[in-house]
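The following exercises are to be worked through with the sequence and the coordinates at hand. Each task is followed by a stepwise solution.

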Amino acid sequence: MPIDAPESEYAVIDYLIAFLPALFNGFMAIVLVAQGGDDRQKSLGLLGGAFLFSLLATPFIEVHWTTKTLVISFISGLLLGFGQYLQILSLKLLGVSRAMPMTTAGQIVFMSLGGIILFGEMNQGLALVCALSAITLLVIGVLFISKSEKTKEATEEHVDWKRGVPLVVISTAALVAFLLLVQGFGLDGRSVILPQAVGYLLVGLVGTIPALSPQLGKEDNRWSLLTLRQLIPGLMWGAAILLTQVSSSLLGVSVAFPLSQMGVIIQTFGGILILHETRTRREMRWTIIGVVIMVIGVIMVGVARSFS
C-alpha cells in the first residue's frame, strides 16, 4: 500500500493540471470580448500575449530542443495561430455563448477520434463504446446549444450562421491538427511552447496586416492601447496551451484535451450573463440542456479512459 500512495498522489495532481486550462480558456474568451477593440486588435493582442507568456515561462521549465522539435513546433504554431485567428472572427458573428460550445465540442470529438485512430487510445471493448457514446452526446449537446427559436424576438436574427459556421469548422480543424501534430511526433509539451509561439505570433503579425485582411478595414490600428489590453487574455490562453500540452503527455490526448475544454460552461453562461448575449426563454432552456449533455459527454471520455 505505501508503494502505491505516491502514484495515486501524482495521478490526482495530473488531473488537476488537466483541469486548469478549463479555467483559463473559460474566462479568456469572456475577457477578450469584454475589453472591446476590433478583430485585428483582439487577434494580435491575444497571440502576442500568449507569446509573451511562452517567452517568460520557458526559462523556468526544462526544454530539450532538437531540429525536429523546432520545425514541428513552429508548424503546429502556424496551425494554432490560424485556428485562433478564425475563432476570434467567429465570435463576432455568432457570439461567445454559441461559437465556443460549437468549437469546443468539435475539438473534443475530433481529438478523441484522433486518439482512438492514431494513438490507439480507448479503441477496444467498453472503452470504445464509452468513447463513441461520449462523442454522440457532445454532438447532441451542440445541437441543443445552437438551436434557435423561429420568432421575431429570436436571437437568430442577430447571428450570422452563414458566415460564422464555416469559420468555426475551419478553425476547429486547425486547432485539432496542431495538438495531434505535436502528439504524433511524440514531442514534449514543454519543449514545443516557445517555437510554437513564434509560429502563432507570425500568424498574428502577418494576418492582421490591412493589405492582407481588407475585410477587417483599411486602417492599421493594431498598435494601440486596446491591443495592449488584450495581452491579458493572451497570457491566460498561453498558460492554457502549456498546461494542455503537458497534461496530454501525462494522461494522453484523449483524456487531457476533453478535461481542458470544460471551460465551455464558463464561456456559454458568461457570454449570456456577462456579455449580455440574448436568449429567449425557450432558447435558454435548450442551452442549459445542451451544456449538461456536453458535460456528461466529457465525463464519459474519462470513463472510457478508465476502461482502456
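**Exercise 1.** Locate W223 in this predicted model, and decide whether W223 is buried or exposed.

*Solution.* Step 1: W223 belongs to the loop that runs between α7 and α8 (225-229). Step 2: the relative accessibility of W223 is 61%. Step 3: the cut-off for an exposed residue is over 50%. W223 therefore counts as exposed. Step 4: together with L202, L205, V206, I209 and L212, W223 makes a nonpolar surface patch of about 550 Å².

**Exercise 2.** Check the span of helix α7 (residues 193-207) against the value expected at 1.5 Å a residue.

*Solution.* Step 1: α7 has 15 residues. Step 2: the expected span is 1.5 Å times one less than the number of residues, which for α7 gives 21 Å. Step 3: the end C-alpha atoms of α7 lie 21 Å apart, in agreement with the expectation.

**Exercise 3.** State which residues of α7 are buried and what covers them.

*Solution.* Step 1: the buried residues are I193, L194, P195, Q196, A197, G199, Y200, L201, V203 and G204. Step 2: their cover includes the helices α2 (39-57), α3 (67-94), α6 (161-184) and α9 (231-251).

**Exercise 4.** Describe the surroundings of S73 in helix α3.

*Solution.* Step 1: S73 has a relative accessible area of 0% and is therefore buried. Step 2: leaving aside residues up to four places away in sequence, S73 touches K68, L187, V192, P195 and Q196. Step 3: a polar atom of the S73 side chain lies 2.5 Å from the backbone oxygen of T69.

Definitions and conventions: Residues are numbered from 1 along each chain as its sequence is written. This is a predicted model: local features need pLDDT of at least 70, side-chain atom pairs count only at pLDDT 80 or more; totals for chains, interfaces and linings use all residues. Side-chain values use heavy atoms; hydrogens and water are left out. Helices (H or I, at least four residues) and strands (E, at least two) are DSSP runs, numbered from the N terminus. Buried means under 20% relative accessible area, exposed over 50%, partly exposed in between (1.4 Å probe, protein chains only). Contact means heavy atoms within 4.5 Å. Patches are made of residues with over 30% relative accessible area and no salt bridge: like charges are joined within 9 Å, nonpolar side chains (Val, Leu, Ile, Met, Phe, Trp, Tyr) within 5 Å. Accessible areas come from the Shrake-Rupley method with a 1.4 Å probe; for residues, only the protein chains shown count as cover. A salt bridge is a side-chain nitrogen of Lys or Arg within 4 Å of a carboxyl oxygen of Asp or Glu. A polar contact is a pair of N or O atoms within 3.5 Å; within protein, one must be able to donate a hydrogen and the other to accept it, and residues adjacent in sequence count only if both atoms are side-chain atoms.
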